[in-house]
Amino acid sequence: MGIKSNSENNPSTGGDIKLKSGREGLMGWLNPTRYGWERVSYWLQRLTGVGLLIYFIGHIYETSSLVNGINAWNSMLELTQTTGGHIFLLLVIGASTFHTVNGLRLIFTESGIGIGRPGRPDYPYDATSLNYKQKSGIWVAMLLAAIAMLYGGMVMFGDVS
């Protein structure tokens with residue numbers, strides 16, 4: 001008794017990824033086109049949080065190399081003084097800026113600020129949780145992250161002193 005896909009049961013579907021149970025599996029979960037901005041913001045918040053945690057642990061390891069002497073410290077710093085190191089730091093700048101601004105938006109949302117009044121749930125059921133103010137907050141978070149990455153890139157690559 002295996003799970004058969006819809007394409008096996010109905011050849012007219014053309015190879016759907018949906019399973020017989022109606023679930024799409026991992027491919028449906030990873031499909032970004034089926035989600036709105038709220039879901040994209042949710043996943044970016046989670047990914048940037050995990051990425052910043054990994055960076056934080058690596059940063060502690062890098063900083064602790066100072067106890068092994070100045071030569072160990074200088075050899076560790078050489079890793080960040082490359083083009084790849086600068087690009088990695090730009091990603092950290094963008095991730096931390098987005099995570100911070102989007103986190104503030106979420107704090108306001110959880111406090112009831114910017115959500116608006118609840119409406120009557122008439123058909124068709126449009127989600128009112130992501131109104132204009134909430135979408136604007138997501139765009140502001142992305143814009144500020146891009147600006148911070150641009151400025152950080154100018155500083156790291158020598159255009160701004």
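Reader: Which residues of α6 are buried?

Author: This is a predicted model, in which local features need pLDDT of at least 70 and side-chain atom pairs count only at pLDDT 80 or more, while totals for chains, interfaces and linings use all residues. Residues are numbered from 1 along each chain as its sequence is written, and side-chain values use heavy atoms, with hydrogens and water left out. Helices here are DSSP runs of H or I with at least four residues, numbered from the N terminus, and buried means under 20% relative accessible area with a 1.4 Å probe, protein chains only. In α6, which covers residues 132–156, the buried residues are Gln134, Gly137, Ile138, Ala141, Ala145, Gly152 and Gly153.

Reader: What covers the buried residues of α6?

Author: The chain has six helices and zero strands. Among the elements that cover the buried residues of α6 are α3 (37–64) and α5 (83–110).

Reader: At what angle do α3 and α5 pack, and is α3 oblique or parallel to α5?

Author: The axes, lines fitted to C-alpha atoms over the stretch in contact (heavy atoms within 4.5 Å), give angles that run from 0 to 180 degrees between N-to-C directions. For α3 and α5 the axes lie 9 Å apart and the angle is about 130°. Angles under 35 degrees count as roughly parallel, over 145 as roughly antiparallel, 65 to 115 as roughly perpendicular and the rest as oblique, so α3 is oblique to α5.

Reader: What share of the 161 residues in the chain is buried?

Author: The chain follows the pattern α-α-α-α-α-α along its sequence. Of its 161 residues, the buried ones make up 20%.

Methods. Helices (H or I, at least four residues) and strands (E, at least two) are DSSP runs, numbered from the N terminus. The expected span of a helix is 1.5 Å times one less than its number of residues. Buried means under 20% relative accessible area, exposed over 50%, partly exposed in between (1.4 Å probe, protein chains only).
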